[in-house]
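Subject: A structure for you to explore

Hi there,

Here is the structure I promised you, with its sequence alongside. Have a look around first, and then read on for what turned up.

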Amino acid sequence: MPVLLCLVGLGPVAQASEAVPDPDEGSIGIQLLEAPVSRRADPRALRYIVDHLAPGTVIKRQLQVRNTSDAQQRIDLYPSAATVEGDRFIFGEGRTPNELTSWISLDRHQLTLDPGDSARFTGTIAVPANASSGERYAVVWASATSKPTASGNVTQVHRVGVRVYLSVGAGGEPPSDFGIGEFVPARDPDGVPSVAIGVDNTGQRALDLTGKVNLTEGPGGMEAGPFDIVEGTTLSPGDSGGVVVRLPKELPNGPWKIVADLESGMVKRSATRSIEFPDRGKVGKPGTILSGWMPLWSIAGALVVVLLILAALIMKRRSRQPAAVG
C-alpha cells in the first residue's frame with residue numbers, strides 16, 4: 001500500500017551537477033524541488049534524494065531541468081546505476097541498470113527546451129514488498145548531446161544528475177555516524193601544504209563529507225582559516241577513507257593547532273590536533289591529539305580544588321579520632 005509522505009518545497013537550490021558541459025555549448029542544469037519535511041534541516045536531502053523506506057512503500061519527487069545555453073536543447077531523462085567504492089560515488093556508464101533503477105520510473109523521458117526555459121518532471125520510487133534490507137544507489141540523469149564537430153563525427157554527451165541514496169528496511173532509519181582519525185600534513189613539490197584527515201564510517205548509511213579546518217597558535221601567534229575541505233569523498237557503511245584540505249603556499253611550517261569540523265548531512269564531528277608541516281615534497285608526521293588539552297589556568301584551578309578536598313578529608317578524619325587518656 002503506498003505511503004503518503006509530507007514534503008516541503010525547496011525553491012531555488014544549487015544544481016547537483018555531476019558533469020560539466022563544454023562552455024562553448026552552454027549548459028543544462030537539474031535540481032531537486034522537494035524533500036520530506038523531516039529532512040528539511042539535512043543539507044544532503046536538499047540536494048539529493050536521501051530516504052529510508054519500508055518494503056512496499058511508494059514515494060514521488062519533483063525535479064526541474066533548465067536549459068542555460070543559448071541554443072535549443074533536446075534533453076533525455078533516465079535513471080542509471082551508481083555504487084560507492086574507494087571513497088567515491090561512482091556513476092555507471094550510460095543507462096547501466098541495477099536493482100534500484102528498476103524501482104525508479106519517470107513521468108517524462110525527453111524534453112525540448114528553448115534557451116532559458118525550464119520544465120518539471122516527477123520521479124517515482126516503488127520499493128517491492130519483498131525487497132531486502134540495505135542501502136542502494138542510483139542517479140537520475142538529464143542528458144544532452146552536442147552537434148558533431150566541424151572537423152569530424154565526434155559528438156559529446158553532457159549530463160547532470162541528482163543522486164539517490166535509498167535505505168530499505170523495517171522500522172526506523174539506520175544510524176549515520178563517523179569518527180575522525182589521523183591528521184597527516186604534507187607539502188607537494190611546489191611547496192603547497194595540505195592535510196589528509198582520516199575518517200571511519202561507523203554508521204549504517206553512506207556519508208558525503210564536507211567541512212572546514214582552522215589553524216591557530218602558529219608561529220608568533222598566527223591564525224589562518226577557515227579552509228574548506230576538498231569535496232568528493234563518499235564513504236559506504238563500515239569503510240575508512242579520508243578528506244583533504246589544501247592550504248596557502250606561504251603558510252609556515254608551524255607548529256600549529258588545527259581544528260577540523262566535518263559533517264555529513266546532520267551528523268557533525270570535530271577533532272583537534274597539533275601538526276607541523278614538512279619541507280617541500282615531503283610528508284610529515286601524524287598530528288598529536290589535543291582533544292584533552294586544557295589551558296594552564298584550568299589545570300591550576302583543578303589542582304587547587306583537589307588540594308582543598310584532601311585537606312577537608314584529613315581534618316574530618318582527625319576530628320573523629322578518640323581523645324588520648326592520661
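Are D208 and R44 buried or exposed? Both D208 and R44 turn out to be buried. Please keep in mind that this is a predicted model.

Let's begin with the charged pairs. Side chains of opposite charge can pair when their charged atoms come close. The structure holds 11 salt bridges, and one of them joins D208 to R44, with 3.0 Å between the closest N and O atoms. D208 sits in strand β15 (residues 207-208), while R44 is in the loop between β3 (34-36) and β4 (49-53), so this pair ties together parts that are 164 residues apart in sequence.

Another salt bridge brings together the side chains of E135 and R205, at 2.9 Å from N to O. E135 belongs to strand β11 (residues 134-145) and R205 to the loop between β14 (193-201) and β15, so here the parts tied together are 70 residues apart in sequence. Both E135 and R205 are buried.

The pair D177 and R269 is also worth finding: their side chains meet in a salt bridge of 2.8 Å, N to O. D177 is in the loop between β12 (157-168) and β13 (178-187), R269 is in strand β21 (residues 267-275), and the two are 92 residues apart. D177 is partly exposed, because its relative accessible area is 26%, and R269 counts as partly exposed at 33% relative accessibility. Salt bridges that share partners also build one network out of R39, D51, R61, E135, E173 and R205, so you will meet E135 and R205 again there.

Next, the pocket. Rolling a probe the size of a water molecule over the atoms shows where empty space is left. The largest pocket holds about 300 Å³ of space. Its lining is made of 15 residues, and R47, Y48, D208, T210 and E231 are the ones nearest the centre. Sorted by class, that lining has 6 charged, 6 polar and 3 nonpolar residues. D208, which you met in the salt bridge with R44, is thus part of the pocket lining too.

One last residue to look up is K257, in strand β20 (residues 256-264). Why does K257 count as buried? Its relative accessibility is 17%, and buried means under 20%. The C-alpha atoms of K257 and G287 are 9.2 Å apart, and these residues are separated by 30 residues along the chain.

Enjoy exploring, and write back with any questions!

Best wishes

Conventions: Residues are numbered from 1 along each chain as its sequence is written. This is a predicted model: local features need pLDDT of at least 70, side-chain atom pairs count only at pLDDT 80 or more; totals for chains, interfaces and linings use all residues. Side-chain values use heavy atoms; hydrogens and water are left out. On a 1 Å grid over the protein atoms alone, a cavity is a set of points where a 1.4 Å probe fits but cannot get out, and a pocket is an open set with protein on both sides within 12 Å along at least five of seven lines; lining residues have an atom within 4 Å of a point. Grid points are joined across faces, edges and corners, and a volume is the space filled by probe spheres set on the points. Ala, Val, Leu, Ile, Met, Phe, Trp, Tyr, Cys and Pro count as nonpolar, Asp, Glu, Lys and Arg as charged, and the others, Gly among them, as polar. Helices (H or I, at least four residues) and strands (E, at least two) are DSSP runs, numbered from the N terminus. Buried means under 20% relative accessible area, exposed over 50%, partly exposed in between (1.4 Å probe, protein chains only). A salt bridge is a side-chain nitrogen of Lys or Arg within 4 Å of a carboxyl oxygen of Asp or Glu.
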